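Visitor: I am new to this structure and should be grateful for a close look at a single part, the nonpolar core. Which residues have the most contacts inside it?

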Amino acid sequence: MEQLQVAIPTLFGLEGLAAEELRRLNIENVKADNGRVYCTTAIADIPRININLRTGERVQIILGSFCALTFDELFEGVKRLAWEDYIPKNGAFPVKGHTLNSQLQSEPACQSIIKKAIVDRLMNKYNCRELPESGALYQVQFSLMKDRVSVMLDTTGPGLYKRGYREAGVIAPLRETLAAGIVLLSRYHGHEPFCDPHCGSGTLAIEAALIARNRAPGLNRNFSAQKWPWINGEVWNDAAEESLDKEYHGEYDIWGGDINHSAIVVAERNAKNAEVDDIVRFNVVDSTKFRRLEPFGRVVTNPPYGERMMEKKAVEELYRGFGAAMHALPGGWQVHVITSHPDFEALYGAQADKRRKLYNGVIKCNLYSYLPKIK
């Protein structure tokens, strides 16, 4: 178990960013694919990736990959894997996954077969007739695509987008992983003013603050693999200390505004939970009246999309007013807007210098980037 093969699912459009993050962590054999990134790691890298990765969804250890056209082939392929190297006698190992363009189309049936194969293997290895599953969680994931099965263990638990700072019950329009990706795509590193005039619960501004401070996003949460005996607890402590040693402590101009007062209250609490309330400020503001006099800066924002018909006219008026406010900024400012609205550029009043396709959940969006007129 010296080297582990790892798969990291990502939101579509963020694969390259996640791959670059892994390379900066000195992870080997990094390869980006559609919706996921693959790499080779040592055991000690599992905590480092979980704690530091901003744009990945979770960290999965690939235990095996093989072709299966029948349920018998699926059963035997799974049973051949050395499950006893990973799951102890009392480990809890639920199974979930998906199948696509394969002979075996029933996900519940595949789930049942995989579970039975693991049970048979472990009962034989532990010389027992029952597995209590009363211990730590070892979530088994499978994917079956074009008849090829990949079987994985999830080391993360709740997805990496759950940083731990968002208050329970608060629904935000952006996952933290997507927000971090948008900030990274804007090339923000903390040197200029960062503004989000449609901040909602503050996710973009908070992720910008974490990036500016180089604070690892996973420091304030727990992971499933922390309870696994074959990943020594010391490596988790070492990974956290390594991350803390890399933090920056400077002065930053990071601001979020929203027309909704209750959103600002939530954003301020979230910033406090994320321990960045000392470098982020929020105000109630109408984005169409946004003004800044500094010669350089970034606006990075996720305005309402107008998905419902009754909201469409109001959103179009918002885009026109917001566009006018952006055009009035000094020439060194750049603007990055994510939206699903098909007529955004016309309403905003300018064609974007760059467009990038991203997905906000199941909603296909574009990130429109307007670059500085003065450099």
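Guide: The following account concerns the nonpolar core and what accompanies it. This is a predicted model, in which local features need pLDDT of at least 70 and side-chain atom pairs count only at pLDDT 80 or more, while totals for chains, interfaces and linings use all residues. Residues are numbered from 1 along each chain as its sequence is written, and side-chain values use heavy atoms, with hydrogens and water left out.

A nonpolar core is a set of buried Ala, Val, Leu, Ile, Met, Phe, Trp, Tyr and Cys residues joined through side-chain atoms within 4.5 Å; buried means under 20% relative accessible area, exposed over 50%, and partly exposed in between, for a 1.4 Å probe and protein chains only. The largest such core has 58 residues, and Ile 182, Ile 254, Val 276, Val 299 and Met 326 have the most contacts inside it. Helix 6, residues 203–213, supplies the largest share of this core, 8 residues; helices here are DSSP runs (H or I, at least four residues), and strands likewise (E, at least two), numbered from the N terminus.

Val 276 may serve as an example. Apart from its neighbours within four places in sequence, Val 276 is in contact (heavy atoms within 4.5 Å) with Ile 206, Ala 209, Leu 210, Arg 213 and Ala 271. A second, separate core has 56 residues, including Phe 93, Leu 122, Ala 216 and Ile 231.

Two cysteines may also be considered. Cys 39 is buried, at 2% relative accessible area, and Cys 199 is buried as well, at 6%.
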